[in-house]
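Colleague: I have a few questions about this one, starting with the metal and then moving on to the packing. Could you take me through it?

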Amino acid sequence: MSDAMVPFFDGHNDTLLLLHERAAGPRPFLDGTGGHLDLPLVRRGGLAAGFFAVFIPNDPAQPAAAAGELPAPLELGHAQQVTHAMIAMLQRIERTAPGAVRVVRTVAELDAARDAAALAAVLHLEGADAIDESLNALEVYHQAGVRSLGIVWSRPNRFGNGVPFRFPHDPDIGAGLSDAGKALVRACNELGIVIDLSHLNAAGFRDVVAHSQAPLVATHSNVHAICPSPRNLTAWQLDAIRDSGGMVGVNLHVGFLRPDGLRTSETPLDVVVDHFVALVEHLGIGHVGLGSDFDGALMPAELADAGRLQALAQALRRRGFTDTDVRRLAYDNWRDVLIRTWR
Ligand code: ZN
């Protein structure tokens with residue numbers, strides 16, 4: 001990374017899923033995957049740190065959900081098998097690329113990775129489908145390095161309910177957290193694991209607000225007032241995040257950016273900046289960052305992959321953010337919320 005580059009900390013990618021599905025081991029991450037995020041693109045774009053999601057696809061053995069409806073819950077054993085494969089993938093990447101990638105578990109490790117110019121990877125579970133009601137797996141995954149967890153993806157599980165992909169729609173769909181879900185929130189607080197609100201429905205979100213002591217974080221969601229997807233955050237949700245000293249990562253998926261919800265890469269970079277501006281107005285400059293969804297979604301052409309992240313820094317400057325503001329939005333705010341959450 002050259003000195004002129006703004007380092008980025010990204011709140012969400014699905015690169016482990018891409019590597020898992022390709023079934024070619026960790027090597028493509030080092031050499032280039034042809035996707036949105038790999039080591040050559042990390043260096044070109046100035047990506048310094050990122051949340052690497054473990055996302056379990058819907059079980060092909062289950063009947064597919066109708067459009068706009070939630071898929072069936074996953075069976076625990078299946079969910080654990082896929083989760084272990086993806087955690088192992090990240091650990092193999094770290095071992096295969098000595099010094100280039102580090103899985104970080106503390107802010108001290110995050111800072112050490114940055115000083116050593118290594119990519120810092122935060123292990124994230126996108127949905128707690130692989131965790132049993134007794135939370136035994138949570139303890140094991142925490143020891144394996146998991147430091148961030150979404151209670152649900154857009155799918156029900158034993159802890160709560162996600163939002164289906166409907167447009168336009170409000171996130172107020174379905175019931176809140178189960179008792180096990182509330183216990184999961186308390187356990188994450190105790191272990192210092194980030195609780196990610198992206199994909200959670202409104203009733204579940206309210207339960208997290210009521211039961212969590214930690215800053216409220218949505219790693220990869222946008223502003224519902226601009227793009228009325230149930231994946232985006234309404235005014236009361238943003239109020240709750242603000243009041244908790246929390247954080248939102250701006251998602252680059254065009255369907256969560258555009259006012260019309262259309263899935264086309266011909267989406268101007270300025271629409272991304274519109275979400276940054278609205279979030280900064282609502283939450284303050286210290287509570288907004290990036291949550292790209294690289295390798296998991298359709299990007300605007302100007303931000304087609306992680307190699308183009310400096311174009312986002314330039315677009316933010318063009319809209320009046322100072323260099324200091326841009327550095328906060330690009331990196332520092334994620335670090336700050338982890339200081340307030342990890343232990
Ligand atoms: Zn997601």
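Modeller: Before the metal site, one cut-off is needed: a residue counts as buried when its relative accessible area is under 20%, and as exposed when that area is over 50%. Please also keep in mind that this is a predicted model.

Colleague: Fine. Which residues coordinate the zinc ion?

Modeller: The zinc ion is held by Glu-126 through OE and by His-199 and His-220 through NE2, at 2.0 to 2.2 Å. Along the chain these donors follow the spacing E-x72-H-x20-H. Glu-126 sits in strand E4 and His-220 in the loop between strand E7 and helix H9, so that this pair, 94 residues apart, links distant parts of the chain.

Colleague: And are Glu-126 and His-220 buried or exposed?

Modeller: Both Glu-126 and His-220 are buried. Glu-126 also appears in the lining of the second largest cavity, together with residues including Val-54, Thr-83, Leu-125 and Ile-131. About 40 Å³ of space lies in that cavity, and its lining has 6 nonpolar, 2 polar and 2 charged residues.

Colleague: How many cavities of 30 Å³ or more are there, and what lines the largest cavity?

Modeller: There are 3 cavities of 30 Å³ or more. The largest cavity holds about 60 Å³ and is lined by 13 residues, with Leu-197, Leu-200, Pro-230, Arg-231 and Leu-233 lying nearest its centre. By class, that lining comprises 7 nonpolar, 5 polar and 1 charged residues.

Colleague: Switching to packing, which residues touch the most other members of the largest nonpolar core?

Modeller: Those are Phe-29, Ile-131, Leu-138, Leu-149 and Ile-151, in a core of 94 residues. Helix H11 gives the largest share of this core, with 8 residues. Another core lies apart from it and has 19 residues, including Ala-48, Val-194, Trp-334 and Val-337.

Colleague: What does Leu-149 touch, leaving out residues up to four places away in sequence?

Modeller: Among the residues that Leu-149 touches are His-124, Leu-125, Ile-131, Leu-138, Leu-184 and Val-194.

Colleague: Which residues of helix H12 are buried, and what covers them?

Modeller: In helix H12 the buried residues are Leu-309, Gln-310, Leu-312, Ala-313, Ala-315 and Leu-316. Their cover includes strands E1, E2 and E9 as well as helices H3, H11 and H13. After H12 comes Gly-320, which has a positive phi near 105 degrees.

Colleague: Anything odd in the backbone elsewhere?

Modeller: As background, most residues other than glycine have a negative phi, and most peptide bonds are trans. Here the bond from Phe-167 to Pro-168 is cis, with omega near -15 degrees, and Pro-168 is placed in the loop between strand E5 and helix H7. Ala-23 has a positive phi near 55 degrees and lies in the loop between helices H1 and H2. Asp-293, in the loop between E9 and H12, has a positive phi near 70 degrees.

Colleague: Where do Ala-23 and Asp-293 stand, buried or exposed?

Modeller: Ala-23 is exposed, with a relative accessible area of 66%, whereas Asp-293 is buried, at 6%. Asp-293 is also one of the residues nearest the centre of the second largest pocket, along with Asp-14, Trp-153, Phe-165 and Gly-296. The pocket has a volume of about 280 Å³, and its lining has 6 nonpolar, 3 polar and 5 charged residues.

Terms used. Residues numbered from 1 in each chain as written. Predicted model: local features only at pLDDT ≥ 70, side-chain atom pairs only at ≥ 80, totals over all residues. Heavy atoms only, no water. Donors = N, O, S within 2.8 Å, 3.2 Å for Na, K, Ca; no water. Helix = DSSP H or I, 4+ residues; strand = E, 2+ residues; numbered from the N terminus. Buried < 20%, exposed > 50% of the residue type's maximum accessible area, 1.4 Å probe, protein only. Core = buried A, V, L, I, M, F, W, Y, C linked by side-chain atoms within 4.5 Å. Contact = heavy atoms within 4.5 Å. 1 Å grid on protein atoms, 1.4 Å probe; cavity = no way out; pocket = protein on both sides within 12 Å on 5 of 7 lines; lining within 4 Å. Points joined across faces, edges and corners; volume = space filled by probe spheres on them. Nonpolar A, V, L, I, M, F, W, Y, C, P; charged D, E, K, R; others polar.
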